[in-house]
Amino acid sequence: MDYKKTKASSSTITRDVLDLTDGVGNVYEGAVILSKRANQINQEIKEELTQKLEEFATAHDNLEEIFENREQIEISRFYEKLPKPVAIAIQEMMEDRIYFRKPGDNKGDLV
């Protein structure tokens, strides 16, 4: 998923917790779903950033390469400016783009 084009806010927004439980029915279940989705998003972003930064890894680092690798610094700054994984997860939940199943639910319904 492309998190660079997300509409999630990069700053903190005060939200009504009950708005996040639409379709879930329980505040605690909603919090668990958001935390699990945020962890998934964080892992994906971390893997993507690690792959991009591996291009700059060299066996011999001299002092000039460490301090003057502007492209590497720009990539790192770009990822720092992305919205936090929790904000992206909340945005996805507000747009009903998170699919989950309850373990005890035998119906197999996706909500």
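## The aromatic pair

At 9% relative accessibility, Tyr79 counts as buried, because the cut-off for that label is under 20%. Its neighbour in sequence tells another story: Phe78 is partly exposed, with a relative accessible area of 39%. Please keep in mind throughout that this is a predicted model.

How many aromatic pairs does a search of the whole structure find? The search returns one, and Phe78 and Tyr79 are the partners. Their ring centres lie 5.5 Å apart, with 90° between the planes. That angle makes the pair edge-to-face, because planes over 60 degrees apart are given that name.

## The nonpolar core

Let's turn to the nonpolar residues. The largest nonpolar core holds 20 residues. Within this core, the residues with the most contacts are Ile33, Leu34, Ile41, Ile45, Ile88 and Met93. Three helices each supply at least two residues of the core: helix H1 (27–54), helix H3 (70–81) and helix H4 (85–94).

Met93 is worth a look in your viewer. Leaving aside residues up to four places away in sequence, which residues does Met93 touch? Its contacts are Leu20, Val24, Gly30, Ile33, Leu34 and Ile98. Two of these, Ile33 and Leu34, are also listed with Met93 among the core residues with the most contacts.

## A buried salt bridge

Side chains of opposite charge can pair when their charged atoms come close. In this model the count comes to four salt bridges. One of them joins the side chains of Glu92 and Arg37, with 2.6 Å from N to O. This pair links distant parts of the chain, since Glu92 sits in helix H4 and Arg37 in helix H1, 55 residues apart.

Are these two partners buried or exposed? Both Glu92 and Arg37 are buried.

## Partly exposed salt bridges

Another salt bridge stays within one helix. Glu48 pairs with Lys52, and their closest N and O atoms are 3.9 Å apart. Both residues belong to helix H1, four residues apart, or about one turn of the helix. Glu48 has a relative accessible area of 24% and is partly exposed, and Lys52, at 28%, is partly exposed as well. The 3.9 Å separation still qualifies because the rule accepts a nitrogen within 4 Å of a carboxyl oxygen.

Arg97 and Glu95 form a further salt bridge, their closest N and O atoms lying 2.8 Å apart. Here too the partners are partly exposed: Arg97 has 36% relative accessibility, and Glu95 has 35%.

Methods: Residues numbered from 1 in each chain as written. Predicted model: local features only at pLDDT ≥ 70, side-chain atom pairs only at ≥ 80, totals over all residues. Heavy atoms only, no water. Core = buried A, V, L, I, M, F, W, Y, C linked by side-chain atoms within 4.5 Å. Buried < 20%, exposed > 50% of the residue type's maximum accessible area, 1.4 Å probe, protein only. Contact = heavy atoms within 4.5 Å. Phe/Tyr/Trp six-rings, centres within 6.5 Å; stacked < 30°, edge-to-face > 60°.
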